[in-house]
Structure formats: C-alpha cells, structure tokens
Amino acid sequence: MIKVFLVEDEVIMREGIRQNIDWEAEGFEFVGEASDGELAYPLIQKSKPDILITDIQMPFMDGLELSRLVKQEMPKIKIIILTGYDEFEYAKEGIDIGVTEYLLKPIASAKLLETVRKVGELVREEREFQETFDQDRKESLQIARQKFFRGLVLGQKPASALLNEGREIGIDLAANRYNILLFQIFAAEDKEEYLEKYNKVISELKERIMPFTEIFMVEMGMEGWAFILMERGEKPLEEIQRGFIDTLQEVLKGYDGIRYFGGLGKPAGRLSELNQCYEEAGHAFAYRYLKEDNQIIRSGDLPEWSGTKEEPDLSSLEVGKLDRRVAERFLKTGLKSEVSHFVDEYFASFGEKNMESLLFRQYVIMDMYFAAVALLEGLGYHAEDLVERCGNIQDMTVVFSSVESNRKYLKEILEATIDLREAVSQKKYHSLLKEAKSYIRQHFEDEDISLNSVAASVNLSPNHFSSIFSQEAGQTFIEYLTSVRMDRAKELLRTTSMKSSEIAYAVGYKDAHYFSSLFKKTQECTPGEFRQQV
C-alpha cells in the first residue's frame, strides 16, 4: 500500500480529511497526522510515508520548511501543499523544493482524493521503474560475477587486473589470505515445497551473510554457490571460516527437508594461487557423491592416494564399500568438469589395497558401466550408444591392466554418459525455454510480470531459471522481456495512431517517460522519430 501522512493545524479540517476518505479502500494507508511541522518531522522519519499532505501556514514550523527537511532526507516522497488563495505566491517557493501538487483551500474531499490518486499513480510508476531497474541490474551483476569468478580461478590474469575488475562489480579483493568454499543445496522429493523453502533459505542466507564484509558470494546457477573468504585485518582466516560455516549450518538447520553439501579449499596467500585453492575446493566438493549430506568437507581432511604397489590381501577386500547409489547419484547430477575429481576420490574411498586387486577393479568398473547403461536406457538410449563412445568393455582387457588404465576408462565412461545425459537435458531446457518465452509473450502487457512469476510458471527457482534462461537464450530475462515489449511497441507505432504514453501502458510500462527512455536506448531513436521513419 501507499502510505499517506497529514500535517494540518486546523483540527476540524484535519479530522475531516482523515475521516471523509476511505483510505484503505482506495489503496492507501493513513500512517499518521500532526498539527505542525515540528511535531510531524520525527513521526515522518519513523513512518516513512510515500505522500505527505501539508498545510503551509502552521505554528512552530511551516509546511515549506517541513517539506524542505523531508525532501532532503527522503527525496522520493511526494508532497501535496494545501494553501490559501493569498498564500499562493508564497507557495510557489515549493517548486524549488520539489513539491508535487498544490491545492487551494477550501478543499472538497472529492478534489483531494482525485489529487491523491494521481500522485499515488506517480508513486506506483516510480516503484515499477525501480523494481525493473533493480531486477535488470541484479541479473546483469549476477552474470558479471559468474564471469569474473570463472576468470579469477583460471589463474591467467595478473593481480592488478583482477583487483580492478573486482572493483567494477563491487568487490574489494585486496587481502592477506584467501580461501574458496563451494556450496550446494539439493532438491527434496516435493519439488514445489523445495522451491518455496529454497527461496526462503537463500533470502535468509543473503541477509545473514551481509555483515560478513570478508566474504564474496557468487551464484553459480545449477552448480550452486561459490564463496571467496578473505583475511583482511586482525581476524585470522580460520576464524572467519569457522564463523561463516557455523552461520550457514545454523540457517539450514531451521529448514526441514533441505539438504546441503560444501567443499572448502586450502588457504592461499596470493590472488594468483586462487586457481589451486579452487581445485582443492573442487576435490572436497566432489565428496558430496560419496559422503552423507548436510556437512562441509575441508580439503585437508581428504584421504590421499599414494600409489604404492603393495600386494593386496584378498581376504581383506571390502566389497561392501561399493555403494551403487554413489555411482547413480554422480551419473544423474554430476558435472563433466567434476569427473576427474570424482574418480580420484571414488578410488581413494575404497582404499589402496582394494584397488590393487584386479578382481575388485573389475567389479568397480563393471558396476559403474552397468549403472551408466541403466541411466542411459532410462533416458531413451541403448547400451550401444555407450559402446560406440567407450568401446565394448568385454573386449578391452587392457582396461584392467593397471589402476591408472582403470581410472582413465572410468573417466571416459562418466564423460560419455554425462554428454549423452546433457543432450537430453538440452532438449528439456529447450522445451522449458520455449514454455517460458511463450508465457512472457502472453503476459508481457502485465505490469506485474517478473523473473519470479515466470520462473514459477515453469516450476523452477528464480536463480536456477535465471541461469538457464541466460545460458540457453543468450540474453537475460529482462533483456528478452524488453525486446518483446519493444517489438510490440514498434508494431503499435507503425499501425495505430496511439500516443506514446498509451503505447507505454499497452506494452506493460506504467511510466511513459521510462518507456521512452528505454525505447531510445534499445532502438537508437525516440518513439516519435521511429513513427516518422515509418
């Protein structure tokens, strides 16, 4: 609702204005009143109204002085001045202050309501403009941060360039030490319930993370989240890590059914070493397929593969360690970039003696092979599709000749399976994108259309949908929505005599000025110039 505050020293008039208008029914919230500017000012600071209605002539502090103070603190507030006929010249001073409307006393309730409605419409238009601007900026910033982070962990740019690029997206990377935490929240069985909880979790996390000035958060879409932790002052990096992880886990404990996993790298002393830090975090993060959910693994806690060639004790082989669910989980949700890490940790999880056994290695490879075939058949493929890419396992005795050849072949199986799985996903995303675009084309005239509403229409979280849309469409949601609206606006300019302001409303913009500005920015001419060209 739009909030209204009234300042009027005449009691009868003040009560009449408050009582003769059904504020709530008109979409307004009457948040307070006062008899003069001095009493009103602290109340206005507290209630933060959108519209201030004030008389000019009042004791202690007049309406113009009050308006000047309020405008300095709340520049977006709309002010309606009530003035007598003989005060009108005096009231003109309000132009410099930024007063929105003037009304001459005596004032009928109908006239006041008409004016308040008109000013309320301005407030709504500005809110819509701000929301659109904020959403556009948020999407662009998210994409810029993802791009920056990927460039940062490649380790190919000098520190000076990284520091400058960081400042451009609002992050100061100057620090003594660094670390990276990779983090993901997993979907529950009930997709709808998960999406609702996911959005609440992310909102609370962002709110709780905000005080951590040493932490830079990057939304990585389907890959989850990446956090850069920085030691800047006297507080050690280890203390920052503990505090941040405690905060993450504390928030997530409050949401039943939400599962999570995190991988923390090893501290780095230079920006140029963040690529190694990222690799270490990736190793730890790959354990989400091997370990129980709801924990954060540190890179230093991982078992290491020494590659010793001790003769295995067959009686000590632990076939029970082979859990088909681990393989199935990675095949369903793992990324191609994680294959190498996963295979290393997968082998390490069985123990060196087990992996030195030819019999056990055969068992591991065959189990993964059959799990891959089962997944692919469920997606509509045939076993031959995997054989075509990796060869027939029955004819490849060389595969089992050594641990390294096993490792190499297992990576080939996983990469081939993920390629085929992603081809199906691309078709699914293509269908999802088509559905989302159709929804946008049907509802672009609705002023309330947003990233959230379109994401809900295809049953995805806003962050996930934003990443998929940008990746598949090659432009952000806001860019696509704007292009659809501009195409319709150009059509109306070509085929009708509608005014520019009418076209703005027709294509979903309540602010005609914003529409004209956006049209010029995207089409390189004003709506009027476009019509003349036609």
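Before we start, a word on terms: a residue is called exposed when its relative accessible area is over 50%, and buried when that value is under 20%. Please also keep in mind that what we are looking at is a predicted model.

Let me begin with helix H1, residues 11-20, where Ile12 and Gln19 are exposed, whereas Met13, Arg14, Gly16 and Ile17 are buried. If you look down the axis of H1, the buried residues fall within an arc of 160°, and so they line one face of the helix, while Ile12 and Gln19 sit on the other side.

From there I would like to move to a single residue, Leu182, whose place is in strand S6, residues 177-186. Is Leu182 buried or exposed? Its relative accessible area is 9%, and because the cut-off for buried is under 20%, Leu182 counts as buried. As for what surrounds Leu182, leaving aside residues up to four places away in sequence, it touches Trp225, Ala226, Phe261, Gly262, Gly263, Tyr278, Ala281, Gly282 and Phe285. Take Gly262 from that list: Leu182 and Gly262 are 80 residues apart along the chain, and yet their C-alpha atoms are separated by 5.5 Å.

Next come two helices, H14, residues 358-378, and H15, residues 383-390, whose axes come within 8 Å and cross at roughly 125°. That angle is the reason we describe H14 and H15 as oblique to each other. On the H14 side, the residues that take part are Tyr369, Ala372, Val373, Leu376 and Glu377, and they meet Ala383, Leu386 and Val387 in H15. Sorted by class, this contact has seven nonpolar residues, no polar ones and one charged residue.

Finally, let us turn to the nonpolar cores. Which residues touch the most other members of the largest core? This core has 34 residues, and the ones in question are Ile440, Phe465, Phe477, Val507, Tyr509, Phe515 and Phe519. Several helices give two or more residues to this core, including H16 (403-443), H18 (462-473) and H21 (512-523), but H19 gives the most, with nine residues.

To look at one of those core residues more carefully, Phe465 touches Leu432, Ala436, Leu451, Val454, Ala455, Val458, Leu460 and Phe477, again not counting residues up to four places away in sequence. Apart from this core lies another one, of 33 residues, among them Val326, Leu386, Leu410 and Ala416. You have already heard of Leu386, since this residue of H15 is one of those in the contact with H14.

Key. Residues are numbered from 1 along each chain as its sequence is written. This is a predicted model: local features need pLDDT of at least 70, side-chain atom pairs count only at pLDDT 80 or more; totals for chains, interfaces and linings use all residues. Side-chain values use heavy atoms; hydrogens and water are left out. Axes are lines fitted to C-alpha atoms, for helices over the stretch in contact, and angles run from 0 to 180 degrees between N-to-C directions. Helices (H or I, at least four residues) and strands (E, at least two) are DSSP runs, numbered from the N terminus. Angles under 35 degrees count as roughly parallel, over 145 as roughly antiparallel, 65 to 115 as roughly perpendicular and the rest as oblique. Contact means heavy atoms within 4.5 Å. Ala, Val, Leu, Ile, Met, Phe, Trp, Tyr, Cys and Pro count as nonpolar, Asp, Glu, Lys and Arg as charged, and the others, Gly among them, as polar. Buried means under 20% relative accessible area, exposed over 50%, partly exposed in between (1.4 Å probe, protein chains only). A nonpolar core is a set of buried Ala, Val, Leu, Ile, Met, Phe, Trp, Tyr and Cys residues joined through side-chain atoms within 4.5 Å. The arc is that of the directions from the helix axis to the C-beta atoms.
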